[in-house]
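Please take a moment to look over the sequence and the model before reading on. The paragraphs below are meant to be read slowly, with the structure at hand.

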6 protein chains.
Amino acid sequence: MPSSSKPPKPTPQEARLAELEIRNRFAEQGIGGPAHGAGRLSARERIAHLLDEGTFVEMGKLVTHRAVEFGMQEMRVPGDGCITGYGKVQGRVAFVFAQDASVFGGTLSEANAAKIVATMDRAISVGAPIIGLYDSHGIRIEDGVSALAGMQQVLLSGAKARGVVPQLAVLLGPATEGTLLAASIADFIVTRKNVTESVSNVAHLLAADDEACLRAVRELLSFLPSSYRDVSPMSAYVGQDANVPEIEDEPYDMAEVIAKIVDTDSLLQVQEHHARNLIVGFARMEGRAVGIVANQPLCLEGALDGDAAAKGARFVRLCNAFNIPILTFED
Amino acid sequence: MPSSSKPPKPTPQEARLAELEIRNRFAEQGIGGPAHGAGRLSARERIAHLLDEGTFVEMGKLVTHRAVEFGMQEMRVPGDGCITGYGKVQGRVAFVFAQDASVFGGTLSEANAAKIVATMDRAISVGAPIIGLYDSHGIRIEDGVSALAGMQQVLLSGAKARGVVPQLAVLLGPATEGTLLAASIADFIVTRKNVTESVSNVAHLLAADDEACLRAVRELLSFLPSSYRDVSPMSAYVGQDANVPEIEDEPYDMAEVIAKIVDTDSLLQVQEHHARNLIVGFARMEGRAVGIVANQPLCLEGALDGDAAAKGARFVRLCNAFNIPILTFED
Amino acid sequence: MPSSSKPPKPTPQEARLAELEIRNRFAEQGIGGPAHGAGRLSARERIAHLLDEGTFVEMGKLVTHRAVEFGMQEMRVPGDGCITGYGKVQGRVAFVFAQDASVFGGTLSEANAAKIVATMDRAISVGAPIIGLYDSHGIRIEDGVSALAGMQQVLLSGAKARGVVPQLAVLLGPATEGTLLAASIADFIVTRKNVTESVSNVAHLLAADDEACLRAVRELLSFLPSSYRDVSPMSAYVGQDANVPEIEDEPYDMAEVIAKIVDTDSLLQVQEHHARNLIVGFARMEGRAVGIVANQPLCLEGALDGDAAAKGARFVRLCNAFNIPILTFED
Amino acid sequence: MPSSSKPPKPTPQEARLAELEIRNRFAEQGIGGPAHGAGRLSARERIAHLLDEGTFVEMGKLVTHRAVEFGMQEMRVPGDGCITGYGKVQGRVAFVFAQDASVFGGTLSEANAAKIVATMDRAISVGAPIIGLYDSHGIRIEDGVSALAGMQQVLLSGAKARGVVPQLAVLLGPATEGTLLAASIADFIVTRKNVTESVSNVAHLLAADDEACLRAVRELLSFLPSSYRDVSPMSAYVGQDANVPEIEDEPYDMAEVIAKIVDTDSLLQVQEHHARNLIVGFARMEGRAVGIVANQPLCLEGALDGDAAAKGARFVRLCNAFNIPILTFED
Amino acid sequence: MPSSSKPPKPTPQEARLAELEIRNRFAEQGIGGPAHGAGRLSARERIAHLLDEGTFVEMGKLVTHRAVEFGMQEMRVPGDGCITGYGKVQGRVAFVFAQDASVFGGTLSEANAAKIVATMDRAISVGAPIIGLYDSHGIRIEDGVSALAGMQQVLLSGAKARGVVPQLAVLLGPATEGTLLAASIADFIVTRKNVTESVSNVAHLLAADDEACLRAVRELLSFLPSSYRDVSPMSAYVGQDANVPEIEDEPYDMAEVIAKIVDTDSLLQVQEHHARNLIVGFARMEGRAVGIVANQPLCLEGALDGDAAAKGARFVRLCNAFNIPILTFED
Amino acid sequence: MPSSSKPPKPTPQEARLAELEIRNRFAEQGIGGPAHGAGRLSARERIAHLLDEGTFVEMGKLVTHRAVEFGMQEMRVPGDGCITGYGKVQGRVAFVFAQDASVFGGTLSEANAAKIVATMDRAISVGAPIIGLYDSHGIRIEDGVSALAGMQQVLLSGAKARGVVPQLAVLLGPATEGTLLAASIADFIVTRKNVTESVSNVAHLLAADDEACLRAVRELLSFLPSSYRDVSPMSAYVGQDANVPEIEDEPYDMAEVIAKIVDTDSLLQVQEHHARNLIVGFARMEGRAVGIVANQPLCLEGALDGDAAAKGARFVRLCNAFNIPILTFED
């Protein structure tokens, strides 16, 4: 481009490319805008932390209203408060959608529900996990029946996906009734610590902040196959922990017994803080993923009540759906 | 039974029958207890008004916790705030569930969600309409994931029923987010007048009080086949209205033109107060049910906007699903 | 209406009603216009002859382009050369579509293909026979890919209907490749006599003229259940033919033997003029419909060749699909 | 026929008709031949007792090997030891197959398995009960893989029918492993008294002889809808039993309590002699069919064990599948 | 093999092997015989050009009439004018069928329709593209109903494959109504230039001759995943075109703008010569396949009409079905 | 661990780990206990011989009755006479179940049927072969209806798997009616030589002892794809047999002709000893798997009878289901 004392008038094409870049940048900021608090990331930053570097393929970006003329009802407004696409986690394909609280409070509209549904449906057909990053003030109720219908579609797609591909929900914003309803379709709910009790009852993993939540998702995925048509990936065997201190007291901590038996540092408890009399989670045995179900003598003397039974049943169903062998421990 | 001066000790069997009657009566009152306001009926009274007299067959009454041992998870507590069953409307079978606000505020629990789902699934298999009488403060959120899962099941069954059997929701209590989500799966929402604007946008028919709402449901059903496997019932031809006053002014009222053409008093507008520039509804032509779609010159000069288009599209889809011919009028 | 010496200016409403009537009349003539030759009826007259009097309910009449705004893609232009709907034949529901050669030569367009598909799909869901009255110069090829796609949809719906509801095609116009392709999806093809050999190979019944063809359809339907979910209707038993002259010559005519055994005048041969060494058809035994399969000694000494085997196999499959018992005769 | 001193030579046609009659008679005797013991009926007699008089329509009779040329693999040999068809029970359509022990010991071959499968599949599509009259020495093992495949098909069709139409098996011959496997797919097994314990554990009703077994089937059917798409038929209300003697002893007989409450003589216990601590069965309340589940204080003090729980769960599933309301009684 | 002055009589086995080779060679020539014109290849040569070298596995070759005794109805005659099988394109499996105009004019018979259907069904189950090389004079109409039924099956399998695996049709012979009907089921139609307008309206890519058509198919496949269960393959990033001349005129050519933005030489327009006011096609962005939708200011000032909308909608549906992100450009 | 003159009391944790190891060892011995005869292996040894070394992942081991509280009905007792899981054969995943005759005679109970069904269902969803090692005295009949229902489920899962994944049954114990019924659902039955004629009619491969049977399974799998969604693996081309002695006599042995044509030592006949007039089997051509169908002049002069036709038809269906090209040879 020729340098000159006063800037030359751009050619029409230059103007267009510039505009394109501006809209592009706007879309990247407008959705998933600047971070909004300590330990909090923007929607786009969250996706970057979640996926292997440089692997994100965005679906439905820069798609505009005009497109409705081609029947593209599903992808109308630029972003519209929700980023969708796919990428890789530890080398395997995963689909993701991320609500952006900076656009209309991340509320669920007919349009962004359609983007979420399209993402879920693609994940189902490809056979890859769905990761939903929720950060929304609920259903955009002022849109009336169309937003409600959008929510119904999200729930339906979630139900279709159940037992077909792993679904993980990360709750990074308010826990409204509608958001809870959508997130609880997932196999796992990960959220930040210090949530209300009703949320913690529903959550499977609690982590310190956004980044920790997203790391937890990556760790969870390492135990899971991409779909019911696969078996879990094999990890390199890292040995067992030879150096565990002896435990002499009664009642002893079953989690420590398990940690001695499975591969070093491989135990990941699920719903650790709910129904503590039953331990469920994942671990590795010589590099292979196993599900763990064990009663915990430390709590209620390890006796099972209704909550523990429900916790266990749900976990066993999940392992069965995804071909994960189960190892049980009883006192 | 021997008469005597002082009442004889009842035999063990008498005692048992008496207890059975008491529990029976309790169930009938406990669920669908006393009316709770002017123009308001109890759940059981609502069912009585809705159905042809003496035709109600209740499913899942008096079924108790113990029954869980037979795998009857779906029907645990006596009533549990929801009455379900089937009966007849104008001689044709219809399924019904009625939430009872007098029990735990009619909140949706895992147990009563299961009863609703069972009712919906039976209606689908039999091929008969589903009528839901909603009167609830929403999801029983303190039950955690199980109540949320119950709600998801209700929405799934509703989605399965869509286009298979007519679904009618009668909103007789608070319009919480959860209740709206469930009700809006129905083909028609009937509610009392004087509701908030967001509800009236969603509702198809507004009526003065409980009884009027239930009469409206009966009238709506008279136009609809039992399922997509049927055609609408034929009514006796009552003639056309010969005596309509002439209308000379411009713009004229399209509803009056339609009323002249269809069978006397047969026009039933749907969503009359929403997107008034488009009239949709049912009527009869020589006794046969037809769907009506017409623009209304009185409003926006009959021009169609997004709301009218959505209103029309939804109605046309419904008519197509249930084999109802459509008659259109244009100015 | 006030009489006066000079005609009064009509009120706006009168004008509108008059216009409506004109358009109505136009639709009834424009599609299914005047009869077009000796022994030939208009599309609308054909439907009248086919169905029980006064039972026709038309679907998609008077529906116009504007309607596309409500998503009514399936029923765009007034008639567009094809009348669709349902009515009754001998008291049982049947669906019908009739191409009208007087509109664009009855050619199959995207729009009228959609009407045919909607009719077939409704017939499948209701569980009632489909009767197609073909009178077309083929696919409206100048519409390009959309007309081809329409044709594909018609064939798909026909395939879905196979074995679910009886399908009868009446060939009343030219036998183009496209029309033959569509008609041959049907279980029975009825056409006028004096057709080309290739058509007569495909046809199941030949009749003198339009009226006779439509009577033949009614007779065929009397043997068939409404769908695979039904059994054939019972007829009153009219006795057997006691007065058949004796047959002494060899080889004798198997058709006469059958006529002696079944109810008087109940035998209806199918594909009588194709593969004459095998007789297939329907008859009644004490009022019940039966399928007949018999070799015919008069032809090839009753030996079976490939054509006869194919004719027999197709007929047996049909009887099995519709729960009709088969009676076989062998020499 | 002219009388004369010496019989005239029959015409060819007379000869043929005579042969046809002979083969017909042979088929009727050869399959379902003479009764084979006290209280035992032939296969054809059993069907006659089971169905309303004169309503049987036989499928696949007189069909011969030759027919294989039309692809009629499913119905090759005349009868081949199994009669199949449909008729009515109390005015409603029911499908039936009856093994005939007088032909090859009633063994299950590829051919008669195909007839049974066709019957079951028709019953499923029509939506009518399947009644199997078993009288067989098992799988015709000398036919090798084809008879085994036939058996697999019977089991598959039975599984498809489960929960779709009621299935009733009547065990009237030996209880071989194969026959038990097929019969136990049914919802109800009815057999003659004085069977081995392993059979009585599996049976739902025991009756004195063939006729009583078939009457029991008719009674059972009176409580059941034709399929999951129906509700049970209504009977005329015959009043309650006013005259029941009082019961004072403890523990009392719950069956007598139930008998007092339900319509007179309407209680039909199912699996009465198995897990007696739980009563399950059918009855009528004001003419409507209900399922009964009650613990029996007379036995184990009414406490439930594994057998009773399984008995109850199976019965409840059945009632739910066929839309029958359940009435429970507890001590 | 013994050498001798006069040729020895071949052993029986030698004779047999020789015959086998002759029949083999005949099959390879008889179907896919010598090339039939300038720029035209034989069926077998076309397959060789289409697939990676040496990867073709033929299905159904040398299969003979006799085989019908094993139920091999689908593959009766040697070749019968159609070669089918699978191989690889750029290392990924693809299924192919090629009509051979040198055998009965390549007409579609029951037998070769069955081979095509088997090929399509295998492609669907394996999840790999279907490439049809059409060179036929249409349906073998003299075979009557069986050839028509064959055609229907081809259309049905094509419909089943839609949205499941990419379908590409290459039109290398006459464009009869039947051939057009079959080919237009495909997602893409590639044909030689200089075709009639009606064909060019239907075609997506035009190429100079047979070889160019087959190269175009390979290029198209490089953008597409093997099935809806995959994502498109990644290509090495070749950089962007730094050297595009500036465009100053108005209206400018949108295709040139796009070419500047996407990877060098990666833009492949689809339906370039139809509805030129809308550009659709594929390109790569940093090695990833994207769909392009853009209006073209050069034509109708880029305004969209019905044809452009249909073109766009069809393309967007395709991209959505196969998980290809879409990039839109507007002026 | 401190050494001392008298053994120290173990810590509670040591005791627990020791117990765990004991139970583990018990499970490994109790199921798949010591070998039970010459040439016979234990269940666990069989699996070790079948799979690639160290690849077995056991499902449902060490799972105990208590687990029923989590809804793990499918996997109740430790082993219960049946080992299930998955591993690899020549690097590809395969699922396996092995009955253990040392536990209750290997009889099929509700519990181990559920383990088998779970294994089959996982194999279907993953798309990998199922290998059943049968060694059982039949259905555990004393469990009544529950064991019968278990058997029905095994048969249903087998039917679901048919044509989806290859199923191989290895008959290593008694051939009871029930075991034959289950095994004959498989595509291939492999068993030891010297079996009864009825078993050899059903078997596809006979081998000298347990090890040879398991090697045969591995060889068979080398020709088969993992599922209908795959094509067979390619092997390295080992050349053709250049050194076959000439055959001059008539009739010659077709197997020797085939051996000359296919890759060296690649021919594996199936059902070699049944219907010897038809040869079916697998071989390789330049490393690719092909199915072979050939008549054998040595037997019945190669004429085909019913048994040969059935043998051929079954084999052709299998090849078609799994995308294996067929090569036919005729004399």
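What follows goes from one strand to its neighbours, then to salt bridges, and at the end to a pair of chains.

This is a predicted model, in which local features need pLDDT of at least 70 and side-chain atom pairs count only at pLDDT 80 or more, while totals for chains, interfaces and linings use all residues; side-chain values use heavy atoms, with hydrogens and water left out. Residues are numbered from 1 along each chain as its sequence is written, and chains are lettered from A and ligands numbered from 1 in the order in which they are written.

A good place to begin is strand E4 of chain A, residues 130-134, where 5 of the 5 residues are buried (buried means under 20% relative accessible area, exposed over 50% and partly exposed in between, with a 1.4 Å probe and protein chains only). Helices (H or I, at least four residues) and strands (E, at least two) are DSSP runs, numbered from the N terminus. Ile130(A), Gly132(A) and Tyr134(A) are buried on one side of E4(A), and Ile131(A) and Leu133(A) on the other.

E4(A) is joined to strand E3(A), residues 92-99, by 4 bridges in a parallel arrangement, where two strands pair if DSSP finds at least two bridges between them. In this pairing Phe95(A) stands opposite Ile130(A). E4(A) also pairs in the parallel sense with strand E5(A), residues 167-171, over 5 bridges, and here Gly132(A) stands opposite Ala169(A).

Salt bridges, each a side-chain nitrogen of Lys or Arg within 4 Å of a carboxyl oxygen of Asp or Glu, number 42 over all chains. In one of them the side chains of Arg46(A) and Asp210(A) meet at 3.0 Å, N to O. Arg46(A) lies in helix H2(A) and Asp210(A) in helix H7(A), so the pair ties together parts that are 164 residues apart in sequence. Both Arg46(A) and Asp210(A) are buried.

Finally, chain E can be laid on chain C with an RMSD of 0.0 Å by a turn of 180 degrees and a shift of 0.0 Å along the axis, the copies being superposed by least squares on the C-alpha atoms of residues with pLDDT of at least 70 in both. The two copies are thus related as by a two-fold rotation axis. Of the residues of chain E, Leu156(E) comes closest to that axis, with its C-alpha at 3.2 Å.
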